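Before reading on, please take a moment to look over the sequence and the model shown here. The paragraphs that follow begin with the ligand and its surroundings and then turn to two details of the backbone.

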Amino acid sequence: MTTTPLRVAVTGAAGQIGYSLLPRIANGEMFGPDQPIILQLIEIPVDKALAALDGVAMELSDCAFPLLQDITCTADVKTGFDGAHWALLVGSKPRGPGMERGDLIRENGPIFTGQGRAINDCADDSVRVAVVGNPCNTNCLIAMHSAPDVPDERFSAMTRLDQNRAQNQLAAKAGVPSTSVTGTLIWGNHSATQVPDFHNARINGERADTVIDDQWLQGEFFATVQQRGAAIIKARGLSSAASAASSLVDHVSDLVKPTAGGEWRSVCVKSDGSYGVPEGLISSFPVSVGADGDWSITQGLELTPFLQERLTATGAELSGEREMVADLLG
Ligand code: NAX
């Protein structure tokens, strides 16, 4: 095998998502069956976390994945991001008892400042960054601002799990396989204000809101998609992990594989003001990828007044989050 290995840095690698994600990277599902991989696994400098990380690395080695050439385990971000082609920022500080969303945003900010700087200084010139650790949109914004030498379009955050959830809900309601649902789209923040678009999604080629009644779409559908994460925590006692890992495989592939004509994928990227989302925020948009691998925000999609109103609200939430971390955006 002569292909140069891809260095993939993963933070929070000893966590739940890491455990489901790493084998899928190492066995070629994320970057293809011919792409050798070097995993650079990053955890916090705490004995328990580093011991768990060693265990994960042992298991990965025990799988004898043909594509996996090396594994590094570290608590040092400079070592972790050294030469990285992809930085998957999965780790973040969880919400503790009594913590408000604002506290979570403030607590996580400095983590993403440090990681952004290390990516800026140590990663490969071609590095691309995908943020999963919550609040992922604003964490991504902070990392992007902390890496001035890395072009902004290399930064993304994940709403692919929300898109997959929405697609599954529409398919179940219409009684069709999930493959019959296309164009599923999430706008805005990966939070309870996210906007699952039922007007541009299609079921067997027809707009979802011509197939399913508005009352269900604006009520149960919206609430189910927005609250799915909480429902899984309630059922499992733990947050979504296998589905999040699977969606991150989809997310990276979404950014790498060209879209067919008229197709889009939900990706949180820097707003250029499209659809009225304030410029500079990291917001979920329909994203198309060209044959050259460059992405762009798909233009010209129609939004109903109901969806437009909610897009304005989720944009306002993202603006509020940006204000909370303004001092970190230097
Ligand atoms: P876990 O708590 O199982 O694992 C997180 C890991 O990150 C821990 O091992 C912790 O030690 C590590 N960590 C914390 N700070 C770190 C730092 N500064 N550097 C390196 N590692 C660090 O959480 P898990 O279930 O794996 O979830 C990870 C993140 O994904 C959470 O923030 C979670 O909220 C977020 N999610 C985001 C989703 C999305 O769609 N964007 C969906 C799933 C998930 O809820």
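**The ligand and its surroundings**

In this predicted model, the shell around the ligand takes residues from both domain 1 (6-157) and domain 2 (160-324), and the ligand therefore lies between these two domains. The place it occupies there is the largest pocket.

The shell can be described by its members, by their classes and by the helices that supply them. There are 24 residues around the ligand, and those that come nearest are Gln16, Ile17, Glu43, Ser92 and Asn134. Sorted by class, the shell is made up of eleven nonpolar residues, twelve polar residues and one charged residue. Among the elements that contribute, α1 (16-26) and α4 (101-122) each provide at least two residues of this shell.

Some of the contacts with the ligand are made by the backbone of the protein. A polar backbone atom of Gln16 is 2.9 Å from an oxygen atom of the ligand, and for Ile17, too, a polar backbone atom is 2.9 Å from a ligand oxygen atom. A nitrogen atom of the ligand, in turn, lies 3.4 Å from a backbone N or O atom of Val132. As for how much of the ligand is covered, it exposes 880 Å² when taken alone, and the protein buries 81% of that area.

**Two details of the backbone**

Asn134, already named as one of the residues that come nearest to the ligand, is joined to Pro135 by a cis peptide bond, with omega at about -10°. Pro135 itself belongs to the loop between β5 (128-131) and α5 (136-145).

The other detail concerns Ala64, which is found in the loop that runs between α2 (47-62) and β3 (68-74). Its phi is near 50°, a positive value in a residue other than glycine.

Note on methods: Residues are numbered from 1 along each chain as its sequence is written. This is a predicted model: local features need pLDDT of at least 70, side-chain atom pairs count only at pLDDT 80 or more; totals for chains, interfaces and linings use all residues. Side-chain values use heavy atoms; hydrogens and water are left out. A residue is near a molecule or strand if one of its heavy atoms lies within 4 Å of it. A polar contact is a pair of N or O atoms within 3.5 Å; within protein, one must be able to donate a hydrogen and the other to accept it, and residues adjacent in sequence count only if both atoms are side-chain atoms. Accessible areas come from the Shrake-Rupley method with a 1.4 Å probe; for residues, only the protein chains shown count as cover. On a 1 Å grid over the protein atoms alone, a cavity is a set of points where a 1.4 Å probe fits but cannot get out, and a pocket is an open set with protein on both sides within 12 Å along at least five of seven lines; lining residues have an atom within 4 Å of a point. A molecule sits in a cavity or pocket if more than half of its atoms lie within 2 Å of its grid points. Helices (H or I, at least four residues) and strands (E, at least two) are DSSP runs, numbered from the N terminus. Ala, Val, Leu, Ile, Met, Phe, Trp, Tyr, Cys and Pro count as nonpolar, Asp, Glu, Lys and Arg as charged, and the others, Gly among them, as polar. Domain bounds come from an automatic or database domain assignment.
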